[in-house]
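Thanks for making time. I have one structure to go through, and I will keep to what can be read from the coordinates.

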Amino acid sequence: MNYEYRNRRLCVEGVELSEIASQCGTPTYVYSAGMIRERYHAYANAFSGMPSRVCYAVKANSNLAVLAVLAKEGAGFDIVSGGELFRVLRAGGKASNTVFSGVGKTADEIRYAIEQGVHSFNCESYAEIEVLNRVAGETGKTASVALRVNPDVNPVTHEYISTGLKENKFGIDMSVIEQAYAHAASQQHLKVTGVSCHIGSQMLDSAPMVEAVERLLALALRLKASGLPIDHIDLGGGLGVKYQATEDTPSIHDAVASMRKVVEASGLIAMVEPGRSIVAESGVLLTKVLYRKNNGGKEFAIIDAAMNDLIRPSLYKAFHDVVPVIENDQPTMEVDLVGPVCESGDWIAKKRTLPTLESGDLLAVKTAGAYGFGMASNYNSRGRAAEVLVDGSTFKVVRERESWEDLIRGESA
Ligand code: LLP
């Protein structure tokens with residue numbers, strides 16, 4: 001267990017969270033390097049003995065130190081922008097181990113990625129195929145391409161993070177995918193090497209993933225039989241994590257095993273693009289109670305973390321467990337945890353039972369390592385939180401808290 005109470009103090013690996021709060025202040029994101037490594041290896045080991053690549057989805061948490069931990073372990077990367085590629089390279093990741101996904105790559109981003117030598121592009125439209133071919137021609141290189149298939153499988157998740165249904169903007173419809181492949185294969189500067197999909201995020205059941213893989217594999221085999229040099233099948237990311245004790249998710253090992261069963265005999269390289277399942281549980285958002293307030297009989301604790309720090313509750317009504325950093329024997333209370341931002345939608349947790357809170361009490365918002373800092377903003381001119389990486393019994397600040405000067409960088413009056 002990487003997060004556990006010792007002497008009533010919540011610790012991550014060998015470090016007390018209260019120590020991090022006193023040295024670095026709050027709000028602060030804290031990540032466990034050990035847990036990130038463990039999750040990456042759970043994927044890598046589940047594929048052992050067959051050709052595979054585990055490409056961490058950078059969008060889930062793009063801090064350089066997090067990327068560097070994964071790069072050192074041999075992870076590949078899944079990127080969706082030139083900025084993400086820049087980060088991967090700075091963190092010591094290899095372009096040749098990186099796949100470029102996303103529905104709206106610009107010509108400049110494509111050029112940068114080709115020049116750096118990314119492994120392949122997951123292409124999402126006819127129009128993109130043409131830009132990719134043109135830019136590849138201009139750089140004098142051949143780009144490897146997989147088309148992202150929209151397999152029309154329901155991932156059974158929040159509508160904002162469901163991507164594999166016909167009505168979503170992602171991928172190319174199954175009914176026209178073979179024409180799209182013929183089109184890509186006819187382009188002079190492209191080599192069609194794979195098939196890909198990603199049907200959604202925070203999936204708590206592997207059945208939809210398996211269904212998507214079956215459809216994708218059938219397609220890959222048809223394309224191969226027609227003479228295309230298909231060598232890989234990219235299954236996307238999307239495995240869920242337990243935000244609440246009542247949620248049940250397959251382990252990484254079991255989820256991979258059920259997909260592996262489908263693809264292994266094909267001899268194709270299996271690729272995956274997990275984000276959340278590698279980093280979510282490694283992270284907490286450390287915050288402090290500023291004020292207590294009772295409004296019309298309802299208890300509020302105003303904390304120093306807000307929707308600009310962690311937008312998931314406001315945006316998706318997402319649940320994050322919140323626990324005291326130092327346990328005590330106070331009677332419990334039911335309380336809404338809200339931030340200082342001027343919106344009623346600025347809440348982190350509602351109707352939680354916690355030991356009676358007082359100003360200065362420290363809380364840890366759990367399972368915040370994915371889509372936390374990465375989705376943070378400067379709304380209300382709030383500097384973004386610091387980020388800390390814990391490794392064993394040491395920790396270091398891997399992103400400084402933003403200052404007021406940082407807030408106005410690049411602006412002029
Ligand atoms: N590959 C592609 C093409 C993706 O679009 C995504 C996530 C992933 C991989 C990684 O999925 P994961 O393993 O992390 O589920 N902000 C939302 C999640 C958005 C996911 C977007 N795409 C949230 O906070 O729940």
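I will take the domains, then the contact between them, then a few individual residues.

First, a caution: this is a predicted model. Please keep that in mind for everything that follows.

Start with the overall division. The protein is split into two domains. Domain 1 is made of two stretches of sequence, 3-31 and 281-408, while domain 2 covers 33-277. Between the C-alpha centres of domain 1 and domain 2 the distance is 32 Å. Each domain puts residues into the contact: 21 from domain 1 and 21 from domain 2.

How much area is buried between domain 1 and domain 2? The figure is about 2,000 Å², and carbon and sulfur atoms account for 55% of that.

Now the polar side of the contact. There are 2 salt bridges between domain 1 and domain 2. Separately, 9 residue pairs are in polar contact across that interface, counting pairs with both residues at pLDDT 80 or more.

Which elements supply the domain 1 side? Three of them give at least two residues each: helix α11, at 312-316, and strands β20, at 386-391, and β21, at 394-399. Of the elements on that side, β20 gives the most, with 4 residues. By type, the residues of domain 1 that touch domain 2 come out as 10 nonpolar, 4 polar and 7 charged.

One salt bridge to look at by name is R37 with D391. Their closest N and O atoms are 2.8 Å apart.

Next, two residues on the inside. V12 sits in strand β2, residues 9-12. Is V12 buried or exposed? V12 is buried, because its relative accessible area is 0%. Beyond its neighbours within four places in sequence, V12 touches N2, Y3, L17, I20, V30, S32 and V390. For a sense of scale, take V12 and A212: they are 200 residues apart in sequence, and their C-alpha atoms are 37 Å apart in space.

The other is S282, in the loop between α10, at 276-279, and β14, at 283-295. Its relative accessibility is 1%, so S282 counts as buried too. Leaving out neighbours within four places in sequence, S282 is in contact with Y3, V30, Y31, S32, M35 and I36. If you compare the two lists, Y3, V30 and S32 appear among the contacts of V12 and also among those of S282.

Last, some backbone details to check on the screen. The peptide bond from T26 to P27 is cis, with omega near -5°. P27 lies in the loop between α1, residues 17-24, and β4, residues 28-32.

Two residues other than glycine have a positive phi. For K317 phi is about 55°, and for N380 phi is near 65°. K317 is in the loop that joins α11 to β16, the latter at 322-324. N380 is in the loop between β19, at 362-365, and β20.

How accessible is K317? With a relative accessible area of 69%, K317 is exposed. N380 has 32% relative accessibility, so N380 counts as partly exposed.

That is what I have.

Terms used: Residues numbered from 1 in each chain as written. Predicted model: local features only at pLDDT ≥ 70, side-chain atom pairs only at ≥ 80, totals over all residues. Heavy atoms only, no water. Buried < 20%, exposed > 50% of the residue type's maximum accessible area, 1.4 Å probe, protein only. Contact = heavy atoms within 4.5 Å. Domains from an automatic or database assignment. Buried area = accessible area lost by both parts, 1.4 Å probe. Salt bridge = Lys/Arg side-chain N within 4 Å of Asp/Glu carboxyl O. Polar contact = N/O pair within 3.5 Å; in protein donor to acceptor, adjacent residues only side chain to side chain. Nonpolar A, V, L, I, M, F, W, Y, C, P; charged D, E, K, R; others polar.
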